[in-house]
Amino acid sequence: MSRLAWNKERRLLKSPEFTACYEQGRKHFTRSFILFILKRKEGQGGIRLGLTVSKKMGNAVARNRIKRVVREYFRLHQFDVELPLDIVMVPKRNLEAKQLTLALATEEFTPLLYRIKTEAAAS
């Protein structure tokens with residue numbers, strides 16, 4: 001299997017995992033997304049990603065595009081941050097699915113991941 005695979009262990013799948021992120025995680029904002037980030041106990045893998053894209057974002061094609069681009073960004077950058085984090089990502093209403101590209105995702109998420117990494121190193 002590829003080193004850059006994004007398998008099931010890298011995803012949040014159960015409702016309690018999402019709820020824990022919403023309630024105990026820290027909120028971070030980018031121009032188009034709200035991220036709820038919860039640090040897990042040490043020794044449990046790297047980033048796990050959960051996506052919540054409401055029907056207000058558009059039809060299934062638009063919602064799936066958002067999820068696909070965000071997943072691809074995290075698949076390519078999963079080794080940039082080796083912290084045990086659960087991340088739930090919610091797109092803001094101002095996001096146009098058609099305009100979302102991997103380059104735009106990189107522009108929004110890379111500074112945020114860098115900030116999270118430096119905060120974790122400081123604590």
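Two strands pair if DSSP finds at least two bridges between them, and the legends that follow describe close-up views of a predicted model.

**View 1. Strands β2 and β4 pair in the antiparallel sense.** Seven bridges join β2 to strand β4, which covers residues 85-91. Within this part of the structure, Lys 39 stands opposite Leu 85, a residue of β4.

**View 2. Four strands form an open sheet with mixed pairing.** Reading across the sheet, the strands follow the order β1-β2-β4-β3. The edge strands are β1, residues 26-29, and β3, residues 48-51, and each of these pairs on one side only. From one strand to the next, the twist averages 25°.

**View 3. Helix α2 packs on the sheet.** The helix touches β2, β3 and β4, and its direction makes about 170° with that of β3.

**View 4. The rings of Tyr 22 and Phe 36 form an edge-to-face pair.** The count of aromatic pairs in the model comes to five. For Tyr 22 and Phe 36, the ring centres lie 4.9 Å apart, and because the planes meet at 85°, the pair is classed as edge-to-face, the cut-off for that class being over 60 degrees. The two residues are 14 apart along the chain and the pair links distant parts of it, with Tyr 22 in helix α1 (residues 15-24) and Phe 36 in strand β2 (residues 33-39). Their surroundings can be compared through the relative accessible area: Tyr 22 is partly exposed because its value is 33%, whereas Phe 36 is buried because its value is 10%, the cut-off for buried being under 20%.

**View 5. Phe 74 and Phe 109 form a tilted aromatic pair.** The distance from centre to centre is 5.7 Å, and the angle between the planes is 40°. This pair, too, links distant parts of the chain, since Phe 74 belongs to helix α2 (residues 60-76) and Phe 109 to helix α3 (residues 102-122), with their positions 35 residues apart in the numbering. Both Phe 74 and Phe 109 are buried. Together with Phe 33 and Tyr 73, these two residues form one aromatic cluster.

**View 6. The charged end of Arg 10 sits over the ring of Phe 79.** In this close-up, which shows a charge and a ring rather than two rings, the charged end of Arg 10 lies 5.8 Å from the centre of the Phe 79 ring.

Note on methods. Residues are numbered from 1 along each chain as its sequence is written. This is a predicted model: local features need pLDDT of at least 70, side-chain atom pairs count only at pLDDT 80 or more; totals for chains, interfaces and linings use all residues. Side-chain values use heavy atoms; hydrogens and water are left out. Rings of Phe, Tyr and Trp (its six-membered ring) pair if their centres lie within 6.5 Å; planes under 30 degrees apart count as stacked, over 60 as edge-to-face and the rest as tilted. Buried means under 20% relative accessible area, exposed over 50%, partly exposed in between (1.4 Å probe, protein chains only). A charge sits over a ring if NZ of Lys or CZ of Arg is within 6 Å of the ring centre and within 35 degrees of the ring normal. Axes are lines fitted to C-alpha atoms, for helices over the stretch in contact, and angles run from 0 to 180 degrees between N-to-C directions. Contact means heavy atoms within 4.5 Å.
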